[in-house]
Amino acid sequence: MSDPVLFPPTAPPSRPVSGGLYLVATPIGNLRDITLRALDVLAAADLVLAEDTRVTAKLMTAYGLKAKLERCDDHASARAAQVAIEHLKDGAVVALVSDAGSPMVSDPGFVVARAAIAEGLPVHPVPGASSALAALCIAGLPSDRFTFAGFLPPKSAARKTALEGLRTENQTLIFFESGPRLKDCLTDMAEVLGQRDAAVARELTKLYEECVRGTLAELAVDPRCDAPKGEIVIVVGPGKAEASSQDDIDAALREAMQRLPLGEAASEVSHSLNLPRKPLYKRALELKGQ
């Protein structure tokens, strides 16, 4: 094997980084998954807001970067927003990072970005690693449409209630979960969502990366899913659509026709019930004439 190329020899040159808030995605495990643009922004930053400054300090040290670090976790996000606004109004470059992956996804940095937007200050994305998308890629489940549902409630009753609200979603679902709660979470998912294919991905891009696939019921009793270590993403495939009765179809069309033009109503019901649009539009015309 040839020696790895550290940086593409023909990579576009870096551009000057203007003042603003930059939402910088960082590696979810493998430190080499940082982007060249992320390094440019972190090198130019006057201030870096970090969910855990110790984690971010390791990343900065690995690439020889130095910048003032400010804590921005659930307890400090309001103060961090005030500090960021003061810097941004002076034209500073402020970088916002989470512990790993893309900021703003189940992340306290939302408070900072929201405050900057409210002040009319520039906010820029610096895309990169995402554990949710990485898990979706290797799950082997439909990826054309998906819902990211983040962390479910820790208690079983509340968790089941949240899952009930997602039961009719006809698309792949993505969740975050902790190791100690994984088994109970999978058990509740199997009970509420039924016999669906799923995958549990953990330690993505790290040395012990693992993806366990099976039905929700199979995963709930799989020893590999019994309180594993590391960051965990659960990907659940869409359920099989239940046949809709004609009464259900007519009721859905009538409701949609009260809000939308005929064609749009047929399209909405087609999407929600997973039925072909053409016969729905014909039925909508019949209902309108009644």
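**Entry 1. The parallel sheet**

I began with strand 2 and strand 4, which pair in the parallel sense over 4 bridges. Within this pairing I looked up Leu 49 and found Leu 96 in strand 4 as its bridge partner. The model I am reading is a predicted one.

I then traced the sheet to which these strands belong. It is an open sheet of 5 strands in the order 3-2-4-1-5, and the pairing is parallel. Which strands stand at the edges? I find strand 3 and strand 5 (123-126) there; each has a single partner strand, so one side of each is left without a neighbour in the sheet. From one strand to the next, I note an average twist of 25°.

Next I checked what lies on this sheet. Helix 4 packs on it and touches strand 1, strand 2 and strand 5. I record an angle of about 150° between the direction of helix 4 and that of strand 1.

**Entry 2. Helix 3**

I compared the length of helix 3 (residues 77-89) with expectation. At 1.5 Å a residue, its 13 residues should span 18 Å, and the end C-alpha atoms are 18 Å apart, which agrees.

I listed the buried residues of helix 3 as Ser 77, Ala 80, Ala 81, Val 83, Ala 84, Ile 85 and Leu 88. For the spacing in this list I keep in mind that an α-helix has 3.6 residues a turn, so residues three or four places apart point the same way. Against what do the buried residues of helix 3 pack? I find strand 1, strand 2 (47-50), strand 3 (68-71), strand 4 (93-97) and helix 4 (110-118). Just after helix 3, I noted that Gly 91 takes a positive phi of about 85°.

**Entry 3. Strand 7 and its neighbours**

I turned to strand 7 (residues 172-177) and asked how many of its residues are buried. The count is 6 of the 6 residues, so strand 7 is largely enclosed by the rest of the structure. I separated the two faces: Thr 172, Ile 174 and Phe 176 point one way, while Leu 173, Phe 175 and Glu 177 point the other way, and all are buried.

On pairing, I find strand 7 joined to strand 6 (residues 146-151) in the parallel sense over 5 bridges. Phe 146 stands opposite Thr 172 in strand 7. I followed the chain from strand 6 through helix 6 (residues 156-164) to strand 7 and recorded this β-α-β crossover as right-handed.

Strand 7 is also joined by 5 bridges to strand 10 (residues 232-236), and these two strands run antiparallel. Glu 177 has Ile 232 in strand 10 as its bridge partner.

**Entry 4. Salt bridges**

I searched the whole structure for salt bridges and obtained 15. I examined the pair Glu 70 and Arg 79, whose closest N and O atoms are 2.1 Å apart. Are these residues buried or exposed? Glu 70 is buried, because its relative accessible area of 11% falls under the 20% limit. Arg 79 is exposed at 52%, because the limit for that class is over 50%.

Arg 259 appears in two of the bridges that I inspected: one with Glu 255 at 2.8 Å, N to O, and one with Glu 268 at 2.5 Å between the closest N and O atoms. I classed Arg 259 as partly exposed at 45% relative accessibility. Glu 255 is partly exposed with a relative accessible area of 41%, and Glu 268 is partly exposed with 32%. I also noted a network in which salt bridges that share partners join Asp 250, Arg 283 and Glu 286.

**Entry 5. Backbone angles and Arg 15**

I looked up two residues that have a positive phi although neither is a glycine. Met 104 has a phi of about 80° and is found in the loop between strand 4 and helix 4. I record Met 104 as partly exposed at 27% relative accessibility. Glu 203 has a phi of about 50° and lies in the loop between strand 8 (197-202) and strand 9 (210-215). Glu 203 is buried, with a relative accessible area of 16%.

Finally, I located Arg 15 in the segment before strand 1 (20-24). Arg 15 counts as exposed at 72% relative accessibility. I noted that Arg 15 and Val 41 are 26 residues apart along the chain, and that their C-alpha atoms are separated by 9.6 Å.

Notes. Residues numbered from 1 in each chain as written. Predicted model: local features only at pLDDT ≥ 70, side-chain atom pairs only at ≥ 80, totals over all residues. Heavy atoms only, no water. Salt bridge = Lys/Arg side-chain N within 4 Å of Asp/Glu carboxyl O. Buried < 20%, exposed > 50% of the residue type's maximum accessible area, 1.4 Å probe, protein only. Pairing = 2+ DSSP bridges. Right-handed = clockwise from strand over helix to strand, strands pointing away. Expected span 1.5 Å × (residues − 1). Contact = heavy atoms within 4.5 Å. Axes fitted to C-alpha atoms, helices over the stretch in contact; angles between N-to-C directions.
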